[in-house]
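Let's take a walk through this fold together, starting with the whole chain and then zooming in on sheets, a hairpin and a few residues. Have the viewer open as you read.

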Amino acid sequence: MRIRRLLAATCLALGALASLGAGAPARAQGLPDLIVRTDILERQWVVRDEKLAPDACSVIEGGITPGLRRLLRFTVMTANVGTADINIGDPRAHFEANDGLYEFATCHNHFHFRNYAIYELIDPQTGKVWKAAKRGFCMLDTDPNPAYLGEPAKSPQFRACGTLDLPGNQGISHGWTDTYRFFLGGQYFVLDGGDGQPVVPPGDYIVRITANPPYKASKDNPCRFRDVNGMCHALEESNYFNNVGQVLITIPDHPGKGVGPLAGSPVSNTEDPEH
Ligand SMILES: [Cu+2]
């Protein structure tokens, strides 16, 4: 069933792409456009065993059993390659207005934008999906885009997640990327069942990252922007169909000191929730 749904979604997406294809009018001016940097995802992941501390935010938030866990860690870079900024401003205003865009993450002590990104680990044979540990995102200008993504980055504007006491400024300028590095809190899938999901057996898997993912409207999360398939998105973009980055990875039987492009990178004793 899951595969059929995945296939159906892929067909819909392809259909939408086709309708936006060569003959389509130039993309709308003055809108942000988020993409996932697949080149980075491909080069920045590692399967390894790590000791997770009981007071780590991702452990608390994800209901993970602390101790030695087998993890697949990965880096996510979401770039704004559009012609306008994603500008949400001070999250506290949204929080106080109770508009459902933000939640206050007690452990991180800052505001998180809901519906920013979905991280999925997918078994291509069965379509089974595992969720990552990361629960929320604070959008910032963390890295200027490389030249090949279009325009050079100007000065960063969005640098503060915002707390209950301190004003924030969240967004992603066009020409900038928001980066969630592999060693940060929650940038991992638990492979050994320690988070209550089934054990992930060794084999080939797809890591799929979807920025500004489509959702169905609900009472506490109304439809904000609608794509041509009728799905809702939290952020407005010129193109909703270039938001997925995915790579094929292999989960080994025995990761030893680490398997993957980032094998050998240092393991931190304390988790950095950063953003
Ligand atoms: Cu955070």
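**A walk through the fold**

Of the 275 residues in the chain, buried ones make up 37%. Keep in mind that what you're looking at is a predicted model. The secondary structure comes to 4 helices and 17 strands. As for who touches whom, take the contacts between residues at least 6 apart in sequence: 73% of them join residues at least 24 apart.

Let's begin with an open sheet of 4 strands, which pair antiparallel in the order β1-β4-β12-β10. Its edges are β1 (34–36) and β10 (143–144); each has a single partner strand, so one side of each has no neighbour in the sheet. Follow β10 inward and you reach strand β12 (residues 176–180), joined to β10 by 2 bridges and running antiparallel to it. One residue pair to click on here is D143 and its bridge partner T177 in β12.

Strand β4 (residues 76–80) belongs to this sheet too, and V76 sits in it. Is V76 buried or exposed? It counts as buried, because it has 26 C-beta neighbours inside 10 Å, and the cut-off for buried is 20 or more. Setting aside residues within four places in sequence, V76 is in contact with V36, L41, A117, Y180 and I209. Take V36 from that list: it lies 40 residues from V76 along the chain, yet their C-alpha atoms are separated by 7.3 Å.

V76 also leads us into the largest nonpolar core, which has 56 residues. Which members touch the most others? They are L72, V76, F113, M139, F189, V207 and I209. As a general background point, nonpolar side chains tend to be buried together in soluble globular proteins. M139 is a good one to inspect: leaving out its neighbours within four places in sequence, M139 has contacts with I86, I88, F113, Y116, F158, Q170, G171, I172 and D178.

F113, one of those contacts of M139, takes us to a hairpin. Strand β7 (residues 110–113) is joined to strand β6 (residues 102–105) by 4 bridges, and the two run antiparallel. Across the pair, F104 stands opposite F111 in β7. The hairpin has 4 residues between the strands, and N109 takes a positive phi near 55 degrees.

Next comes another open sheet, again of 4 strands with antiparallel pairing, in the order β9-β8-β14-β17. What leaves one side of β9 (129–131) and of β17 (244–251) without a neighbour in the sheet? Both stand at the edges with a single partner strand each, so one side of each stays unpaired there. On average, neighbouring strands of this sheet are turned by 25 degrees against each other, direction ignored. At the β9 edge, strand β8 (residues 117–122) pairs with β9 in the antiparallel sense over 3 bridges, and E120 has K131 in β9 as its bridge partner.

Finally, step off this sheet at β14 (203–211): the loop between β14 and β15 (225–226) holds D220. D220 is exposed, because it has 8 other C-beta atoms within 10 Å, where the cut-off for exposed is 12 or fewer. Still, D220 has a distant stretch of chain beside it in space: G100 is 120 residues apart from D220 along the chain, and their C-alpha atoms are separated by 6.3 Å.

Note on methods. Residues are numbered from 1 along each chain as its sequence is written. This is a predicted model: local features need pLDDT of at least 70, side-chain atom pairs count only at pLDDT 80 or more; totals for chains, interfaces and linings use all residues. A nonpolar core is a set of buried Ala, Val, Leu, Ile, Met, Phe, Trp, Tyr and Cys residues joined through C-beta atoms within 7 Å. Two residues are in contact if their C-beta atoms, placed from the backbone, lie within 7 Å. Two strands pair if DSSP finds at least two bridges between them. Axes are lines fitted to C-alpha atoms, for helices over the stretch in contact, and angles run from 0 to 180 degrees between N-to-C directions.
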